[in-house]
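The following exercises concern a single protein chain. Each task is followed by a solution that proceeds step by step.

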Amino acid sequence: MCLQRNFIRLVQTHHRSIRMQHQVSQLRTPVCPVGDEAALQLARQCLLSGQVIALPTDTVYGLACDANNETAIQRLYEIKGRDEHKPVAICVHNIAALRRFGQASHLSDELLTRLLPGPLTIVIERTPHLSNRFLNPSTSKIGIRIPDFRFMRDLCAVWQDQPLALTSANRSSAPSSLQVSEFQSLWPQLGVVFDAGQIGVTEERRLASTVIDLATPGYFEIVRAGVALKQTLGLMEEFGIQARKIV
């Protein structure tokens, strides 16, 4: 009888252990290949529910959320460990959306289509369509990206041309990530991790996008050199846009 009771207890303990393992597995952040047919809708649902997701861009892996969701932006800063006064960029689907969220009347379509899509962040004054008071509260400007990466552009399209807040997938001051395993410590705080494998083969890719301030008509200022500096400077010269002198 004693042996039987001990056996029953062992079986019950084993079953409890299985249930606990199942619950833990249920809590793990899912990793979804970008090629999965359900990936875009899964990303959209996460964004609608205010979650932060990780996804590949044309430079490094990024963290993204609904740029006009106040709670989501605060969560993004918390996960990143980022000073709330340090700006993050937004990502949009096309140049029409860029003009909707940024004041770009002084930038021609020809210039913008030569610059974008690509590994470039254009900093201009924001428009009232960016209504989130927690998005870059210390500046009236906004950095806008149109990454040359199909999953990102498709996601922006199904997101109905609304902006996504975008920053690199790493803790502040840590190196940027070229594969999802490099920011695994952040996974538990994310809705989903979208995996495209390793997205760069050289360390140069970690420099991320070139950031250029084009807010002042006729002038530019390089905020971050990034990976597209040479071609960006070439286009500034071609279009007669001058480097702004810092006084």
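Accessible areas are obtained by the Shrake-Rupley method with a 1.4 Å probe. On that basis the chain exposes about 13000 Å², of which carbon and sulfur atoms supply 53%. The model is a predicted one.

**Exercise 1. Describe the overall make-up of the chain.**

Step 1. Seven helices and 11 strands are present in the chain.

Step 2. Of the 247 residues in the chain, 43% are buried.

Step 3. Among contacts in the chain with a separation of 6 or more, 65% involve residues 24 or more positions apart.

**Exercise 2. Determine which residues of helix α3 are buried, how they are arranged about the axis, and what they pack against.**

Step 1. Helix α3 spans residues 70-80, and its buried residues are A72, I73, L76, Y77, I79 and K80.

Step 2. In a view down the axis of α3, these buried residues fall within an arc of 165°, so they line one face of the helix. An α-helix has 3.6 residues a turn, so residues three or four places apart point the same way.

Step 3. The partners of the buried residues are β3 (61-66) and β7 (164-168).

Step 4. The two ends can then be inspected. At the start of α3, a side-chain oxygen of N69 comes to within 3.0 Å of the backbone nitrogen of T71. After α3 comes G81, with a positive phi near 70°.

**Exercise 3. Establish how many disulfides the chain has, and examine C46 and C91.**

Step 1. A disulfide is a covalent bond between the sulfur atoms of two cysteines. The cut-off applied here is a sulfur-sulfur distance within 2.5 Å.

Step 2. By this rule the count is zero. C46 takes part in no disulfide, as its nearest cysteine sulfur, that of C32, is 9.5 Å away.

Step 3. For C91, the closest cysteine sulfur belongs to C156 at 3.5 Å, which is too far for a bond.

Step 4. Both environments can be stated: C46 is buried at 5% relative accessibility, and C91 is buried at 0%.

**Exercise 4. Characterise the aromatic pairs and state which parts of the chain they tie together.**

Step 1. A pair of aromatic rings is described by the distance of the centres and the angle of the planes. The count comes to two aromatic pairs.

Step 2. In the pair Y61 and F183, the ring centres are 5.8 Å apart and the planes meet at 45°, so the pair is tilted. Y61 belongs to strand β3, whereas F183 is in the loop between β7 and β8 (193-195), so the pair ties together parts 122 residues apart in sequence. Y61 is buried at 0% relative accessibility, and F183 is buried at 1%.

Step 3. F151 and F194 also form a tilted pair, with 5.3 Å from centre to centre and 40° between the planes. Since F151 lies in helix α6 (residues 150-158) and F194 in strand β8, this pair ties together parts 43 residues apart in sequence. F151 and F194 are both buried.

**Exercise 5. Describe the surroundings of L112 and T59.**

Step 1. L112 is located in helix α5 (residues 109-115) and is buried, with a relative accessible area of 0%.

Step 2. Apart from neighbours within four places in sequence, L112 contacts I95, L98, R99, L107 and I122. The C-alpha atoms of L112 and I122, which are 10 residues apart along the chain, are separated by 9.4 Å.

Step 3. T59 occupies the loop between β2 (53-56) and β3, and T59 is buried at 2% relative accessible area. With the same exclusion of sequence neighbours, T59 contacts P119, R145, L178, I199, R205, A208, S209 and V227.

**Exercise 6. Examine the backbone at P117, N136 and S173.**

Step 1. Most residues other than glycine have a negative phi, and most peptide bonds are trans.

Step 2. L116 and P117 are joined by a cis peptide bond with omega of about -5°. P117 is in the loop between α5 and β5 (120-125).

Step 3. N136 is not a glycine, yet its phi is positive, near 50°. N136 lies in the loop between β5 and β6 (141-145) and is buried at 2% relative accessibility.

Step 4. S173, also not a glycine, has a positive phi of about 75°. S173 lies in the loop between β7 and β8 and is exposed, with a relative accessible area of 81%.

Notes
Residues numbered from 1 in each chain as written. Predicted model: local features only at pLDDT ≥ 70, side-chain atom pairs only at ≥ 80, totals over all residues. Heavy atoms only, no water. Helix = DSSP H or I, 4+ residues; strand = E, 2+ residues; numbered from the N terminus. Buried < 20%, exposed > 50% of the residue type's maximum accessible area, 1.4 Å probe, protein only. Contact = heavy atoms within 4.5 Å. Arc of directions from axis to C-beta. Polar contact = N/O pair within 3.5 Å; in protein donor to acceptor, adjacent residues only side chain to side chain. Phe/Tyr/Trp six-rings, centres within 6.5 Å; stacked < 30°, edge-to-face > 60°.
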